[in-house]
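Visitor: I would like a close look at a single part of this model, and I am in my first year, so please explain each term as you go. Could you take me slowly through one loop and the residues around it?

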Amino acid sequence: MTETTGNEIPDTARAVIIGGGIIGCSTAYHLAKLGWKDTVLLERNKLTSGTTFHAAGLVGQLRSNANITELLGYSVDLYKKLEAETGLATGWKMNGGLRLACNQERWTEVRRQATTAHSFGLDMQLLTPSEALDLWPLMNIDDVIGAAFLPTDGQANPSDITQALARGARMAGAQIFEDSRVSSIETEKGRIKAVITDKGRIECEMVICCAGQWTRQLAATVGVNVPLVSIEHQYMITEAIEGVEPDLPTLRDPDRLTYYKEEVGGLVMGGYERNPIPWAIDGIPQGFHYCLLDSNFDHFEQLMALSFERVPALQSAGLKQLTNGPESFTPDGNFILGEAPELRNFFVGAGFNAFGIASGGGAGMALAEWVDKGEPPFDLWPVDIRRFGRPHFDTDWVRTRTLEAYGKHYTMTWPYEENETGRPCRKSPLYELLKQQGACFGEKLGWERPNWFADLTAGEIAKDSYSFGRQNWFQAVAREHKAAREAAVIFDQSSFAKFSLKGPDAEKALNWIAANDVGKPVGSVIYTQMLNHRGGIECDLTVARIARDEYYIVTGTGFATHDFDWINRNIPEGLNVQLFDLTSAHAVLSIMGPNARKILQSVTRNDLSNQAFGFAQMKTIGIGGCPVNAIRLTYVGELGWELHLPVEFATQVYQTIMQAGEVYGLHNAGYRAIESLRLEKGYRAWGSDIGPDHTPLEAGLEWALKMKSDIEFKGRPAMLDQKKSGLKKILAGFTVDDDDVILLGRETIYRNGKRVGWLSSGGYGYTLGLSIGYGYVRHDQVIDADYIMSGDYELEVAGQRVNAHVHLKPLFDPGMQRIKS
C-alpha cells in the first residue's frame, strides 16, 4: 500500500469501508485486529455525522435468535473494555434493563422472553410490580402486572463509543479519512475494482458499505439491492429530575410504546408510535449531515400522553430538547449484514432499526470475520442480506412493509403473526380459487401461501386470531392433519424456489457442492444438504436429475436468494455449467396421504404403482392435458407426489384432481398442517432445526452423506474429522404430556436439572395428541445416543418447568405403530 502523510488518500487498499458511523468504525476496528492493516475508512463528513450522533444509546441484548443475542452480548463485552484499551471514554454503564407487562397476554410474552433469555444463557429475572418499583422509583405501577430485569443491559454514549472504536482501529493499523466523499464504485467482471472519491481513486479488493440510510442509494449504483428506508424517530431529553440517579436502569414499557434512560440527571423518553412518518421519500437531500429534522410536537404528543401516566414527574419536568432524527429501518425489523449476492466482494452493514449502538460491536466483528474468512463466524440468517427477494427491489413496497414493522416495534409479538401490508404481491395461479374455498393466507418473500382453510359452510372466518393459547385455526388444521393421515390432502406449494443447473459439467459441479451423491441415473431424486467448510448445513433441498447434463433443484420459498447464491458461488472455477431461476415458470401441487395414488391414478394413464414409480423418482405424466413432472417424495410422512407443471395449466390440473379426489376424501390443506405433520415424522427444517451451525451428523442426517464413496465434496474433511472425534450436541425430539403446554421454540431444555440447550422448533402433533419440540442437547464432552436417552428431561415454558420425554426416532411413521412416550 502506498505510504500516506497527512490527509493524502492512498491509491490502493485491501479493503475500503464507506461510512464513519459506529458500524463502519467497528468493522474497521475488527478488520485491523484481524491483521487487515491495509484498510481504509472513508467518511464523507465527520465520524458519527450521519445517524450515530443522534442515537438514543440504549443497549439491550435479548433477541429471538441465539446467535443475534450472542452478537449483542459481544457488544456489551467489548464496550466494557474499550475505554481501557483506547484511553477514550465510552459512556458505557451496565445499569440493567427493565421491561414492563401491563396485561396478561403481555405478561405471557415477557415470561416467554425470560425463558428465551435463560435458553441463551442470560440471567433475566422476573419481578413483581413492587420489585420493579424498587429499581425504578419514579414510575406509577398501578397497571403493572409484572416485569423482567436483565442486569447486564445498559446504555452508552454513541459518539464516544464510535470515537473509541476509531482510535482502536487506527492503533491497529487502519486509516480513517474524514471529509472524503465517495462518488462511485468501479467493478470489473462482477467483482469490486476500485472506489472513486473526491480526493482520488483507491483500487481495492473489498468494499464494505456501512453508509447507514445512504446505503440503498449507493449500493444500487452497482446493482446491489439493500432493502431499507428512512423513518423519523423522536425522543425528548428533560432537565434534571429529582430522584433520577446515575444507575437508574433503562426502562421499556411496550404497552405504552415507550422507552426511558437516564441522561445527566434527567430522562430520555422516546418510543415507537403505530403511525410513523417516512422521510426522504424522494431521496436524501444533498449535504444532509450532522442534521436533525424539525421537532414534531404534534406527532410526539401521543407518546408524551402515554409516558405521563407512567412517569408523572415528566409532566412538570423541564424540556431540554425534542430530537427528531431520521434512521434507517428494514421490512422485517432486523439489520442487514453480509456479502451482496449480486456483486462479489461488496459487503453491507446497514439498516439497524434504531439499535445500531447495541449491535455495533458485534455487527462489526461479524462483518470483519465475514470479509476475512468468506463466511460469517456463526449462523446469521436472521440478518443475512440474502434473506430478501424480488419484492424488495421496489422501494415503495419496502417502505410500506417497513412502516408496518416500525409500528409493531412495541406491539405484542404474537406466535404465527403475519404481516398485513404490501399484500397480495406474488400470487399462485390458484390464489383466487383457494381464497373462495376458505384459504387463510400467509406471506413469505412476497408469496401468498395458504396457511389453513376455514370451513365456510360452518361459518368459520378465514382470518387469524392471535393469542398465546391455541389459536382459532387449531381445529381447522386438525381436520387437514387428519385428512393427510387417513385420506389425502392437496397443498399449493407453487412458491417453492426452483432452479435449473445445466451444462456438460453439471454432475461434476453439483457433486462438489452437494453432500449426497447426485451422480444417479436420469429420473432420480436426491435429498441433500450443501455444507460449508465446517460441515455446517448451508442448504437443505432436493435435486432431480432430468437429463445427463441438467438438474432441477427445489428449495424453500424463503431461501430462494440464499440458496441460488450459495450454489452459484460454489461452482468450481472453469466448469461449464450455468444456474437459472425457474421459480415463476412452474406451479407446484403436492398431493399427500394414503389415498394419493388412487386419486392420481384415476386422472392419468401413466402407471403409478410402486413397482413402476418408486420413491425418490421423477417421471413426466399427463393430467388434464398437461405434461406434469411428478416427483415422488414427502415432507409429511405419507405417500405422495409433488406435481411440477407450467403455471398456465395449474387451475386445470388442480380442478381435475379435486374432482377425482372427492370420493377419496381429498381436502385442501395449508402450511400449518405441513408443519404439524413434519414434526410428527421428525423431518428437519432449515433455519431452525438445521443450519450453518449444525452438521448432518449432529442432526441425524448422516444417511444423506456420500461418506462411503471416494467423491470429494465441500465439507467432507470436516465430516471425517467430526466422525472421528465424536459429537458434542445431538438433535432430539421432545414431547410433553400436559395438553395445556404450548411449545413454540426457544423453550429451555434441562437434563437432570442442568441447562443443556433449547428447542429449535415446536408445535402440535394432532395424530399423537401431543405438543412436540426439537432441539439440540449440548455437552462440553463427547456424547452419544445412550447419553441422550439416559437423562431425565424438563422444558422451561414461560418461566415454568414441565416434565418432558426425549426421542431419537420419529414419533409417528405410517408404516409403524407410533412410538409410545
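Guide: Before we enter the loop, a word on how elements are named: helices (H or I, at least four residues) and strands (E, at least two) are DSSP runs, numbered from the N terminus. With that in hand, our starting point is Arg256, which is found in the loop between strand E13 (250-253) and strand E14 (258-263). Residues are numbered from 1 along each chain as its sequence is written, and side-chain values use heavy atoms, with hydrogens and water left out. Please keep in mind that this is a predicted model, in which local features need pLDDT of at least 70 and side-chain atom pairs count only at pLDDT 80 or more, while totals for chains, interfaces and linings use all residues.

To say how covered a residue is, we call it buried under 20% relative accessible area, exposed over 50%, and partly exposed in between, using a 1.4 Å probe and protein chains only. Arg256 has a relative accessibility of 13%, so this residue counts as buried. Contact means heavy atoms within 4.5 Å, and when residues up to four places away in sequence are not counted, Arg256 touches Asp143, Leu306, Glu309 and Arg310.

Two of these partners, Glu309 and Arg310, lead us to Asn140, because leaving aside its neighbours within four places in sequence, Asn140 is in contact with Glu309, Arg310 and Pro312. Asn140 lies in the loop between helix H4 (129-135) and strand E6 (146-150), and with a relative accessible area of 25% Asn140 is partly exposed. Along the sequence Asn140 and Glu309 are 169 residues apart, yet in space their C-alpha atoms are 7.1 Å apart.

Contacts of this kind can be set beside the chain as a whole, where residues 24 or more positions apart account for 71% of the contacts with a separation of 6 or more. Buried residues make up 61% of the 821 residues in the chain, and the secondary structure comes to 18 helices and 38 strands. Taken along the principal axes, the C-alpha atoms fill a box of roughly 80 × 65 × 55 Å.

Another loop for comparison holds Tyr290, which is found between strand E16 (278-279) and helix H7 (297-310). Tyr290 has a positive phi of about 50° although it is not a glycine, and at 41% relative accessibility Tyr290 counts as partly exposed. Lys189, in the loop between strand E9 (182-188) and strand E10 (191-197), also has a positive phi, of about 55°, although it is not a glycine, and at 82% relative accessibility Lys189 counts as exposed.

Finally, some aromatic side chains. Rings of Phe, Tyr and Trp (its six-membered ring) pair if their centres lie within 6.5 Å, and planes under 30 degrees apart count as stacked, over 60 as edge-to-face and the rest as tilted. A search of the whole structure finds 25 aromatic pairs. In one of them, the rings of Trp381 and Trp686 have their centres 5.3 Å apart and their planes at 75°, so the pair is edge-to-face. Trp381 lies in the loop between helix H8 (356-373) and helix H9 (395-407) and Trp686 in the loop between helix H16 (671-681) and helix H17 (716-725), so this pair ties together parts that are 305 residues apart in sequence. Trp381 is buried, and Trp686 is buried as well.
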